[in-house]
Amino acid sequence: MTKRLVVILGLFVTAVALLAASAAQAGHRSVKVTNVTFAGWSSGPDEDALDTQMANAFNRTVGAKEGVHVTWQVINGDYGQAMTARFAAHNAPDVFYVDSSVIGSWIKQGVIQPLNGYVTKSHFDTKAFYPKLLGAFEKGKTIYGFPKDWSPLATETNNALLAQAGVKAPRTWAQLKSDAQAIQQKTSAKHPICLSADWARMGAFMYQNGGSITNNLTSSANAQAVNFYVGLIKSGLAYTPPAGSWCGQELGQGHAAIIFEGNWLLPYMKSTYPNTHYGVAPMVHNKKQGNLAFTVSWSIAKNDKNKAAAWKVLSWLVGKQGEKIWMSKGLALSPRKDVPSIGGRKPFLAAAPYAHGWGFGNPNFASAYTVMGNDLNAVIAGSKTTQQMLADVGKALKGK
Amino acid sequence: MVTPTATRAAQSRFNTSLRGARAREAGWGFGFAFVPLAVLGLFFIYPLGYAVYISFFHWGILGKTAPGTGTFNYAKVFHDPIFGTALKNIAEYTFAVVPLEMTLGLSLALVINQKIRGRNFFRSAFYFPSIASSVAITTIILYIFSQNGLFNHLFGFSTDWFGNASTIGWGIVSMNAWTTSGTVMLFYLAALQAIPDDVYEAAALDNTSAWRTFWKITFPLLRPAHFFCLVVFGIGALKLFDQPFLIAKGASGAPNYSTMYPSFTIYNAAFGSYDFGLAAAAGVIYFVLIFGLTVVQRLTVGRQEAA
């Protein structure tokens, strides 16, 4: 009798265990996993590895809980061209990088998803972001992306040349000029400042003089700034980097004593010119502080089929957790006030309140930028006046 | 004895069988031609037609961006001073580079057509730039001709050859003439070897000088090769894109529009402004220009060649 009872009990326990296992498996199958792709360009193996690390961290945490599996995809080659083709074919990645210089055009083309609805629904805290950086991806009050990182310009100096001339890193335009004159007289650097023939550098000087690229471009403040910038080159205190080079390379090789570049210079100098000792100071100023913010957002395509899941990924990427991982290697600066950037970035971070997002949300910016570069070359060469250039660029920004 | 009826029947059977064979042969022919024709239609003819179609609309990434049909994109291209500059630049480039490529290519072909020691080495060496990657060559050339580069160091110059608006165009002409000369050399070499020996023997009997032989025999007999090179390399020059794109770090045409070419204006309209209607209109105008030039070449040099 006892033996029979044991057998019956054994069979009962086995049946219950099998049923429980089967139910658990069925339950597991019922959790629908949404696959989301997040994509961008890769500036090098470090960034690629960091994006993969972000994907793994998301999949282990929020992804596992919310049923979202994310995969990182590098888009090689011409990013804008590749994304254009994918937008047109309605197969853009779910979440992707957007440079602030193209966001205006992409919004106009109707390929970027407004995010305000998701922000409100998920109570996402937008106040954690520096307003100017978030503003680079807004049109009116509509948010089209959240900045993943950024960098403004700073003043970088060659320590040896400055010490030789007995000057410190310049803080104002007047100091910039006097320092350059001292370096020119006392060192081998005959053209101490390296200035790119590029509005992406000169624009900062326009804001420093109280001017603006978006309002009243032909103002006297802008004209004075251009004349100061070009004047440094024409007077021989500055030079433009030769073809195939850039000011970072000129600093590294010891040709330039003072340059104006962003945070991207730091990893470059470490890997390419580890023996060049240089300093980083805040960007020079004149009537006021002025700078440009080079920033990239995470955005979602308007035709995306997984928008809800894509928002979960995007909000995590630019959230506190995601940004902490993203900042861990110091490739760029944090767009969030509550996530610190790695050490030694204070001269850059100081610009957060007054740095203007490069591109200014203007839908005609790409064609205007072509005019900017060519006309600035013409002004430097003396074949065009400052006022002609400002008028040309103003027209181009208006799409004329 | 074979009756006339039997002959007619045999003839009829033969004709039927011939028609069948012809039909089968035609079927096979069309079958084989179908795949390349389909590829040509799908990837060349259809996009070409579609480009002409969208050139009459405001066309963005996702299709029509504004109502309206017309020739406004064509008017915009014709009134665009940058497109005018681009046409001027490409005309200057083509008129400089094609004769230079042909002169260099012909000179190299004449050298390696001689029975000289190490001929195979020279053939390979002269042809090498044509098969090397244009990206690699451009990058190396940029280093050599940079302000602090080897060329200036050796010859005592201080010019930034590829950073100066007055020299960059000539820099691109020289670089491309050199890289393309190997391919031109091959075509001329083939043409040189097709000239019969007896013509030269006759000239030798008349004690004709080498210089006169070249100008009176070789050069005129190379006319088909001249025409071929003029058309092929002329069209190639008009499509210039990759080297200036690398040198100017994009399609900006910098410095001071000196490297702005029509391919850049089309690229900028499409992938800078996302105005595909405008880009298509510029493309169509440029296509018509190239096509027109080719017809003119055919009617001038080509007619002489046929004669």
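This report walks through a predicted model of a complex of chains A and B, from confidence to domains, contacts and one buried residue.

## Confidence in the model

Let's start with how the predictor rates its own work. For the complex, it gives an ipTM of 0.83 and a pTM of 0.85. Chain B has an average pLDDT of 91, and 97% of its residues score at least 70.

## The two domains of chain A

Chain A is assigned two domains, and each is made of two stretches of sequence. Domain 1 covers 35–151 + 295–357, while domain 2 covers 154–292 + 362–397. The contact between these domains draws on 17 residues from domain 1 of chain A and 18 residues from domain 2 of chain A.

If you would like to find this contact on the domain 1 side, look for helix H4 (103–108), helix H15 (346–349) and strand E13 (355–357) of chain A, the elements that give two or more residues to it. Helix H4 of chain A gives the most, with 3 residues. By residue type, the side of domain 1 of chain A that touches domain 2 has 10 nonpolar, 5 polar and 2 charged residues. As for spacing, the C-alpha centres of the two domains of chain A are 29 Å apart.

## The two domains of chain B

Chain B is also assigned two domains: domain 1 spans 4–54 and domain 2 spans 72–306. Their C-alpha centres lie 40 Å apart.

## Where the chains meet

Now to the contact between the chains, which takes 24 residues from chain B and 22 residues from chain A. On the chain B side, helix H5 (134–144) and helix H12 (262–271) each supply at least two residues. The residues on this side of chain B divide into 12 nonpolar, 11 polar and 1 charged.

## A closer look at A:Thr155

A:Thr155 sits in strand E7 (residues 154–158) of chain A. Is this residue buried or exposed? A:Thr155 counts as buried because 21 other C-beta atoms lie within 10 Å, and the cut-off for buried is 20 or more.

Which residues does A:Thr155 contact, leaving aside its neighbours within four places in sequence? The partners are A:Ala169, A:Pro170, A:Ile258, A:Phe260, A:Ala281, A:Pro282, A:Met283 and A:Val284. Among them, A:Ile258 is 103 residues away from A:Thr155 along the chain, yet the C-alpha atoms of the two are separated by 6.9 Å.

Terms used
Residues are numbered from 1 along each chain as its sequence is written. Chains are lettered from A and ligands numbered from 1 in the order in which they are written. This is a predicted model: local features need pLDDT of at least 70, side-chain atom pairs count only at pLDDT 80 or more; totals for chains, interfaces and linings use all residues. Domain bounds come from an automatic or database domain assignment. Two residues are in contact if their C-beta atoms, placed from the backbone, lie within 7 Å. Helices (H or I, at least four residues) and strands (E, at least two) are DSSP runs, numbered from the N terminus. Ala, Val, Leu, Ile, Met, Phe, Trp, Tyr, Cys and Pro count as nonpolar, Asp, Glu, Lys and Arg as charged, and the others, Gly among them, as polar. pLDDT is the predictor's confidence in each residue, from 0 to 100. A residue is buried if 20 or more other C-beta atoms lie within 10 Å of its own, exposed if 12 or fewer, and partly exposed in between; C-beta atoms are placed from the backbone.
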